[in-house]
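Thanks for coming. I'll put the structure up and then go through a few places in turn.

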Amino acid sequence: MKFPIIAYGDPVLRRKATAIEPDEYPHIKELVENMFETMYGAHGVGLAAPQVGLSMRLFVIDASTFGDDDPSLKDFKKAFINANILDETGDEWAFNEGCLSIPEIREDVYRKPVVTLSYYDEDWKHHEETFKGMAARVIQHEYDHIEGKLFTDKLSPLRKRMIEKKLNDISKGIVDVDYKMKFPAAKKGR
Ligand code: NI
């Protein structure tokens, strides 16, 4: 089942998401599957639960599309539950990021290249792992979502001003997008 993706401007994207208790959420595998389906339907490499309206500490990533450049990512398909970043190291590097909640906007974002985090997978197995390069990049972007942050927060004041109108338009649904979205400020009928 595919979810509509929540667009920029919705308060759920600004909320710090809460941890998931295993007993509270017995159908976590089904939710993870539906999130992957939603993400693939929108041609994304990552999707966080707040982006489908659920303020839970869960995100999914399939970075196998970067496998040509980085063979370690060839089979990189993972769900991250209750992730907690323990350490980020190295000199920040720029990458042109986009976000399924913010269609048609791509901007260079600076992040550290190495990230260590603890998380649970969809079988509730605990992991403590270090990721580098593109894997770290996608994890950091999705992790920001469960902290209520967006990549546009990291832009310079000038870049922020330059995209302000476009962001407003997105929240109203004035954007060309080929997947189902929910716009917080859409007029009825849009
Ligand atoms: Ni995003």
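Before anything else, one term: a residue is called buried when its relative accessible area is under 20%, and exposed when that value is over 50%. What you are looking at is a predicted model.

With that cut-off, take Ala-63. Its relative accessible area is 0%, which is under 20%, so Ala-63 is buried. Ala-63 sits in the loop between S3 and S4. What does Ala-63 touch, leaving aside its neighbours within four places in sequence? Leu-73 and Phe-76 are in contact with Ala-63. Gly-44 is 19 residues from Ala-63 along the chain, and their C-alpha atoms are 9.2 Å apart.

Next, helix H1, residues 28–41. How far apart should the ends of H1 be? H1 has 14 residues, and at 1.5 Å a residue the expected span is 20 Å. The C-alpha atoms at the ends of H1 are separated by 20 Å, so the two figures agree. The buried residues in H1 are Ile-28, Leu-31, Val-32, Asn-34, Met-35, Phe-36, Thr-38 and Met-39. Their cover includes four strands: S1 (5–6), S2 (46–48), S3 (58–62) and S4 (77–89). Just past H1 comes His-43, with a positive phi of about 60°.

Now the metal. Which residues coordinate the nickel ion? Cys-99 does so through SG, and His-141 and His-145 each through NE2, at 2.1 to 2.3 Å. Along the chain, these donors have the spacing C-x41-H-x3-H. Cys-99 is in the loop between strand S5 (93–97) and strand S6 (107–111), while His-141 is in helix H2 (residues 133–146), so this pair ties together parts that are 42 residues apart in sequence. Are these two donors buried or exposed? Cys-99 has a relative accessible area of 9% and is buried. His-141 is buried as well, at 8%.

Cys-99 comes up again in the pockets. The largest pocket has a volume of about 410 Å³. It is lined by 23 residues, and the closest to its centre are Val-45, Glu-97, Gly-98, Cys-99 and Arg-106. So far as secondary structure goes, S5 and H2 each supply at least two residues of this lining. H2 has the largest share, with 5 residues. By class, the lining of the largest pocket has 12 nonpolar, 6 polar and 5 charged residues.

The second largest pocket holds about 190 Å³ of space. Which class dominates the count in its lining? There are 7 charged residues, against 3 nonpolar and 1 polar. Among the lining residues are Glu-88, Glu-92, Arg-111, Lys-112, Asp-144, Lys-149 and Lys-154. S4, S6 and H2 each give at least two residues to the lining of this second pocket, and H2 gives the most, with 3.

One residue from that list to finish on: Asp-144, in helix H2. Asp-144 is buried, with a relative accessible area of 9%. Not counting residues up to four places away in sequence, what does Asp-144 touch? The contacts are Arg-111, Lys-149 and Lys-154. Each of these three also appears in the lining of the second largest pocket, as does Asp-144.

That is the end of the tour. I can put any of these places back on the screen.

Key: Residues are numbered from 1 along each chain as its sequence is written. This is a predicted model: local features need pLDDT of at least 70, side-chain atom pairs count only at pLDDT 80 or more; totals for chains, interfaces and linings use all residues. Side-chain values use heavy atoms; hydrogens and water are left out. Donors are N, O and S atoms within 2.8 Å of the metal (3.2 Å for Na, K and Ca); water is not among the atoms, so sites may look incomplete. Buried means under 20% relative accessible area, exposed over 50%, partly exposed in between (1.4 Å probe, protein chains only). The expected span of a helix is 1.5 Å times one less than its number of residues. Contact means heavy atoms within 4.5 Å. On a 1 Å grid over the protein atoms alone, a cavity is a set of points where a 1.4 Å probe fits but cannot get out, and a pocket is an open set with protein on both sides within 12 Å along at least five of seven lines; lining residues have an atom within 4 Å of a point. Grid points are joined across faces, edges and corners, and a volume is the space filled by probe spheres set on the points. Ala, Val, Leu, Ile, Met, Phe, Trp, Tyr, Cys and Pro count as nonpolar, Asp, Glu, Lys and Arg as charged, and the others, Gly among them, as polar.
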